[in-house]
Amino acid sequence: MLVSAKEMLNKARDGKYAVGQFNINNLEWTKSILLTAEELKSPVILGVSEGAGKYMAGYKTIVGMVNGMLEELNITVPVALHLDHGSYEGAMKCIEAGFSSVMFDGSHYPIAENIEKTTALVKICNDKGLSIEAEVGSIGGEEDGVIGAGECADPKECKAIADLGVTMLAAGIGNIHGKYPENWPGLSFETLEAVKKEVGDMPLVLHGGTGIPADMIKKAISLGVAKINVNTECQLAFAEATRKYIEAGKDQQGKGFDPRKLLAPGADAIKATVKEKMELFGSVGKA
C-alpha cells in the first residue's frame, strides 16, 4: 500500500539520515528500486516526472503498476509514489490518479503566485492525507524538460512557503540536475543553514543528488536534508550496462535480442546504484 512521505521524512529528519527518491521510467526501473528497498529494509520514494508520466501511458497506469508490484513482490517497506517537479495541473491529475505524494514546483513563479497555488494544493493534500513538496529557488540544469538556472533560495521566501503547511521543502542551494560541470563551486551550505534557521523542523529536499560528493551529501543531511533525489545516475548506469550487453553480442542466435535479457543488465545496474545511494544516505534498515 502506498503511503504519504510525511512519516518517513520526519523519522529521517530526527534520525539524521535521508530517504532516497529514485525516479522511475519503466517497469524494470520500478521493480529494481522496490526490490532493493525491500532487501535493504529502507523506505523509498518513487519519483515520476510529468514527461515520464506521459511515456508510461499516464498516471493511472503508473499507480496500477506500482500497486501491483507492492502486492506481487511482497514489498513491506514504506513506499511513496511522488510527482516530481509537477505543475499545478499535473499535481491535480496525480492526486486524482492515486499518487500518495506530489511536488508542486512554483519556483519559476513570482513568490506571491507560488504561495497562492501552493496554498490551494496544501489544502487538497491535507484533506486526502497526501504529502506535498514545494520549491523555492529553481534547481540548476535540465531534467525532463524542466530547466532551472540554479538559484540560491531566499530564506525568507522559504519560510513563507513552509508556513503554508507543506510536508517538505526543496530549496535551491546551488544544486544542479544532470551532470555537474568541472567548475561547479559546490553546495551553498551558508544558504542551507539560513533556510534551516527560518523553517525550523521542516524536512528539506536536495534535488540533483547525482554527482554531489559524499562529504557534501553527509553535511547536507546534518543540516536538515531528509530527502535526496537521484535520477541521472540511474539513467547513466542503465544505459551503460545495456550498451555493454549489446556490444558483447549476447543472446542473438540469429533471432535478435530477447527484450527481457536485454534489459536485465540495466536493471541490475540500477539495483547497484540504488543500494550505493541508500547506504550513503543512511536509510538502510530504517523501514
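1. Cavities. In this predicted model, a search of the whole structure turns up two cavities of 30 Å³ or more. The second largest cavity, to which this point is devoted, has a volume of about 40 Å³, and its lining is made up of A171, I173, L192, L204, V205, L206 and V225. By class, the residues of that lining divide into seven nonpolar, no polar and no charged. Strand β9, which spans residues 204-206, gives the most to the lining of the second largest cavity, contributing three residues.

2. Burial of strand β1. Strand β1, formed by residues 19-23, is mostly covered, in that five of its five residues are buried. V19, Q21 and N23 point one way from β1, whereas G20 and F22 point the other way, and the residues on both sides are buried.

3. Strand partners of β1. Strand β10, residues 225-230, runs parallel to β1 and is joined to it by four bridges; within this pairing, Q21 of β1 stands opposite N229 in β10. Strand β2, residues 44-49, also pairs with β1 in the parallel sense, here over three bridges, and the bridge partner of N23 in β2 is G47. Q21 and N23, which point one way from β1 and are both buried, thus appear in the pairing with β10 through N229 and in the pairing with β2 through G47, respectively.

4. Connection from β1 to β2. Together with helix α2, which covers residues 27-40, the strands β1 and β2 make a β-α-β unit, and this unit is right-handed.

Terms used. Residues are numbered from 1 along each chain as its sequence is written. This is a predicted model: local features need pLDDT of at least 70, side-chain atom pairs count only at pLDDT 80 or more; totals for chains, interfaces and linings use all residues. Side-chain values use heavy atoms; hydrogens and water are left out. On a 1 Å grid over the protein atoms alone, a cavity is a set of points where a 1.4 Å probe fits but cannot get out, and a pocket is an open set with protein on both sides within 12 Å along at least five of seven lines; lining residues have an atom within 4 Å of a point. Grid points are joined across faces, edges and corners, and a volume is the space filled by probe spheres set on the points. Helices (H or I, at least four residues) and strands (E, at least two) are DSSP runs, numbered from the N terminus. Ala, Val, Leu, Ile, Met, Phe, Trp, Tyr, Cys and Pro count as nonpolar, Asp, Glu, Lys and Arg as charged, and the others, Gly among them, as polar. Buried means under 20% relative accessible area, exposed over 50%, partly exposed in between (1.4 Å probe, protein chains only). Two strands pair if DSSP finds at least two bridges between them. A crossover is right-handed if, with the strands pointing away from the viewer, the path from the first strand over the helix to the second runs clockwise.
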